[in-house]
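Work through the exercises below with the sequence and the coordinates open beside you. Each task is followed by a solution that goes step by step.

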Amino acid sequence: MSRFLSSLARNLRSLPGNLIGDLRPRAGSADDNIARRMRRNFIYHLHPVSVTRRALNPLTTLGLGVITVTLFFVLCVTGILLMIYYVPTTRQAYSSMQDIEYAVTLGRFVRALHRWAAHGMVVTVLLHLVRVISMGAYRGRELNWQLGLGLCLLMLGMAFTGYLLPWDQRSFWAVSVTASMLDGTPAIGGAVKSLLLGGERIGQATLLRFYTLHVALLPASMLVILALHLWRIRRDGGLARPPSVTGEAPSVPAWPHLVLREGVIVLWVLIALAVWAALVQAPLGIPVDPHTPSNPEKAPWYFIWIQEMVSYSEVTGAFVFPGVLMTWLVALPFVEREDEGVGRWLAGRSCRRAVAVSVLVAIGALVACEALYIGAHSEASPLPSAAGWPDLLNPSAAMIVLAIVVAFVSGLWTGSTRAACLSGFFVMLVAMLGFMLVGLCRGPDWVFYLPWEEWPIGY
Amino acid sequence: MGTELSGAARRWRWLLLVSSLVLIGVGIWAVVYASDGGWRRIQRQFGEITGAPGERPPGILQLETCLGSVDRCTTCHLALERSDLAGPDVPLPYRSHPLGTVHHLKYRFGCSVCHGGTGRALSARVAHSMQGTSNRDRRLGDPYIQASCSRCHVPGDKPGMERLLSGAKLYLELGCRLCHPLTRGGRGGWDFGPDLRAPGRKSLAYLEASLVDPTANFPRSTMPSFDKSFEDEPMLLEDMLIFLVSLSLSRPEAGKGVRHASDSLVGAACTDCHAGEDGRAGGLFRHECIYLLEQAQHLRCSTCHSGRAAGEQEGEKSCPVISEHRRNCWVCHDEIATGGGP
C-alpha cells in the first residue's frame, strides 16, 4: 500500500519533466545527431540537405513560390472554417454569408483572410510565372514547368468557382458573364458550359457543382500537384542556376540557413495578410436578382481581360488569344533549349534589349489599337465608323499577330531562341494587362469611360 | 565561411523569433479589432433602464419570420413588444413598437420586411444599412416607412399610407410615366428615362436633386425641371420621394409577380385560371387599367379582390371582380382621369 502511494507520488512529482521528455522522439542508441536529423525529416524531404549560397539570396526567386504556398495553406485553413457555416443552396447561400459576415465570431476576419489571400495568390502565381520565364528556369525542368502551368490553371479554376459562392449580385453576374464566354469556343464550348452550369442558366445545380469543385475536387488536385511540384524542385537539383555556378557544390546546409529564411517570409506574409484582412473587409454585394443584370456586368478582375477581348470578337477573345498563350507556354521548354543564361534575369545583353524593345513596341501598339478601336466605335469621335469592319479586325487579333511577328524579328535580330520566345511572351503579357486595364474602365453598355469620367445617371 | 554563415544563422534565428512575436501581436490586435460587441453594451444598459441591472443579458436574439428570413434586430431593440416603454421619451433602441401595426407583429413578418436594413447584422451601422451597401435605409422611420406598405398593399388600401398615395397620384398627374413607364418596353411611352424601379442605390438627396434640377446629377439630361410643381408644397416633394422609394422595393417572396405573391400570402391560386401570358393579372378578365398593369409586380389579386380563393366562392355570380374592382378604383380615379381605366 505504502509502496503504491510513494511511487504514485514520485511519478506525479516528476510529471512536468516527463510530460515533455516522454513525448519527444526517443534518441536511439546511435549518436544524437541522427536522431535530430530524423526529427527534422519533413524539412529534409522538402529541401536538399545542402543548397548553394545563391539559393539563400532573396533576389534569386523573390520568395514568390514560398509566398504562394503560404497563401495556399491560409486558403485551405480559412476555407475549412468557412465551410462550417456556408450552405450551398440558392435560398440560403447569401443568408449564410451574412451570418458569417455579421454574426459568427471572427467570421468577417476569416472571410476577409480567405478573400484577400485568394486575390493575392492570383498575383503571386502570375509573378512567379514571369520570374521563372525571365530566368529561363524551365530549362531542364520541363516536367515541373508543365506541373506549374497545371497549378496555375487549377488556381484560376478555384478563383472562378469561389467567386460564385457568395451568391450576391456581383458574383452571380460575373460568373454568368464569364460562363457565357464559353459560347465563343467552337465545337465544345456549349457542351462544356452546360457541364459546368448543370443547365442553360446559373441555378441550384451550378451552385452545387461550383461548391463541390471549389472545396473538394480542385483543392485535392492542387494538393497532389503541389506536392509533385515541390518534390520536382529537389529532384531537378534545386533552383535553376547559371552554368558558372553549376560546378560549385551545394555547400550550405538547408537547415538552418534556407529554412530560417523561408520561415521569416512565411511569417511576414501572415502578418501582412492579417493586418490587411482586419482593416479591409471582403465585399458582400447586394442580394442576387437573376432577372435584372447589373450594367455593366463585369467578370472578376483576373478574367476581365478575356471579357474585354470577347467584347471585340468571341472567337479571338475566348479561343484564339488564350489558346495561343497556353500553347506558347506549354511549348516553351521544347522550342527553346538554350543553356546559356539560365538562372539569371533575362540573361544576356541581347535578350534584355530584345525584351525591352518588345515591351515598348507592345505598349505603343496596344495604345494605338485601343484608341483606334474605341474611337471607331464611339459616336462622338471624328474617326470613320467601324460598322463595316470585319469581326476579326480587332485589338486582340492584332496583338497575337504582333507577338508572333515580334518573336520572329527578335529571334532573327539576336539569333537566340530564348530572346524570341520571351519577346513574344512579354508582348502577350502587355496585351493581357492592357486589356485588363481597359476592361476595368468599361462602364454601362460596355462603353469606355476614363476613371474620372462620370457614368450616366441610373447606374 | 563557417563563422560568417553561423553568424547569419543566428541573426535569422532572432529575426524568426521577432517575426513570430510580431505575428502573435498582430493576431491579437486583429482579433480585437475585427470583433464588434456593441450589442453587448446595449444589452447591459437595457438592464439599467428597466431597473434590473443584475439580470443576465439575453445574448443574440433572433426572430425567424414567416417569410423565411431571420431578423436579429431584437438583440438591441429589446422592448419592441413591451407596453411600458412606449413614447418618444424612451431613448432608442429601447422604445417599444407603436401598436398601429400590431397585426404585422402578430403574424411574425419580422422587422426588415418593412423597415429594410440588414436583418441578420448585429452592428448598428450595418443593420441600418441597405443590404450589401453602406447607405442608411430610409425606411427605418417616418415618413419613408410608408413606402414599404406598397410591398403588399395598393396605395390607399389601408390607413396610414396617405403620403405614399399622394406620391402615386403625383406620378400619374405630372406625366412621369411618359418617359419613366413602369413596364419594360414602355407601354405607349417613350421609355428613355432611367428605370424608376432601380433607384435603390441612389441617395434621397440625389433623387431630390434629379426632380428639382435634373442636370445637377447628369449634365446631359433632357428631363424638364419640376421645381415649380413642388415650390408651394415641399411636402409633395417628399411624397414623390416616398413613392419613388416604394418603386424599388420588391414584393416579399416575389419572383413570379402576382401569382407567386398571392399564393404565398393568401393561399389563393387566382392566376391559375386568370393568368395572362407572363403570369400577370389578366386572362379571362384582363385588366385594362394602365396603372394596374404597370404595377403588376407590386400587386396581388387580393389587394382588390378581398383575398378569397376561387374555391371559397359559391358560384360564378359571386365572383367579386366587378364590384370590388370598382370600389377600389377611387384610389386613382376619384379626382384625376389619367390612363385608360375601366
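The exercises that follow concern a predicted model, and they go from confidence to the interface, then to salt bridges and a histidine.

**Exercise 1. Determine how confident the predictor is in chain A, and where in chain A the confidence is lowest and highest.**

Step 1. Begin with the chain as a whole: the mean pLDDT of chain A is 86, and 91% of its residues reach 70 or more.

Step 2. Then go through the elements of chain A, where confidence is lowest in helix H3 (residues 32-39), with a mean of 56, and highest in helix H6 (residues 64-83), with 96.

**Exercise 2. Describe the interface between chain B and chain A by its residues, its buried area and its polar pairs.**

Step 1. Count the residues on either side: chain B contributes 41 residues to the contact and chain A contributes 39.

Step 2. Evaluate the area buried between the two chains, which is about 3600 Å², with 67% of it given by carbon and sulfur atoms.

Step 3. List the specific pairs: the interface of chain B and chain A has 2 salt bridges, and 4 residue pairs, both residues at pLDDT 80 or more, are in polar contact between the chains.

Step 4. Assign the side of chain B that touches chain A to elements: helix H1 (2-34), helix H5 (124-127) and helix H8 (204-212) of chain B each supply at least two residues, and the largest share, 19 residues, comes from H1(B).

Step 5. Sort the residues on that side of chain B by type, which gives 22 nonpolar, 11 polar and 8 charged.

**Exercise 3. Find which residues are joined with Asp99(A) into one network of salt bridges.**

Step 1. Recall the principle that side chains of opposite charge can pair when their charged atoms come close.

Step 2. Take the two pairs in turn: Asp99(A) forms a salt bridge with Arg72(B) at 2.9 Å, N to O, and the side chain of Arg120(B) meets that of Asp99(A) in a salt bridge at 2.8 Å, N to O.

Step 3. Locate the first pair: Asp99(A) lies in helix H7 (residues 93-102) of chain A, while Arg72(B) lies in the loop between strand E2 (70-71) and helix H3 (102-106) of chain B, so the pair joins two chains.

Step 4. Apply the cut-off of under 20% relative accessible area for a buried residue: Asp99(A) counts as buried at 18%, and Arg72(B) counts as buried at 7%.

Step 5. Conclude that salt bridges with shared partners join Asp99(A), Arg72(B) and Arg120(B) into one network.

**Exercise 4. Analyse the salt bridge between Glu101(A) and Arg111(A).**

Step 1. The two side chains meet at 2.6 Å, N to O.

Step 2. The pair links distant parts of the chain, with Glu101(A) in helix H7 of chain A and Arg111(A) in helix H8 (residues 107-134) of chain A, 10 residues apart.

Step 3. Both partners are buried, since the relative accessible area is 3% for Glu101(A) and 4% for Arg111(A).

**Exercise 5. Establish whether His214(A) is buried or exposed, and identify the backbone atoms that its side chain reaches.**

Step 1. His214(A) is found in helix H12 (residues 204-235) of chain A, and at 14% relative accessibility His214(A) counts as buried.

Step 2. The side chain of His214(A) reaches the backbone oxygen of Met158(A) at 3.1 Å and the backbone nitrogen of Gly162(A) at 3.2 Å.

Step 3. Leaving aside neighbours within four places in sequence, the contacts of His214(A) also include His114(A), Thr161(A), Leu165(A) and Pro219(A).

Methods: Residues are numbered from 1 along each chain as its sequence is written. Chains are lettered from A and ligands numbered from 1 in the order in which they are written. Side-chain values use heavy atoms; hydrogens and water are left out. Contact means heavy atoms within 4.5 Å. Buried area is the accessible area (1.4 Å probe) that two parts lose on being put together, summed over both. A salt bridge is a side-chain nitrogen of Lys or Arg within 4 Å of a carboxyl oxygen of Asp or Glu. A polar contact is a pair of N or O atoms within 3.5 Å; within protein, one must be able to donate a hydrogen and the other to accept it, and residues adjacent in sequence count only if both atoms are side-chain atoms. Helices (H or I, at least four residues) and strands (E, at least two) are DSSP runs, numbered from the N terminus. Ala, Val, Leu, Ile, Met, Phe, Trp, Tyr, Cys and Pro count as nonpolar, Asp, Glu, Lys and Arg as charged, and the others, Gly among them, as polar. pLDDT is the predictor's confidence in each residue, from 0 to 100. Buried means under 20% relative accessible area, exposed over 50%, partly exposed in between (1.4 Å probe, protein chains only).
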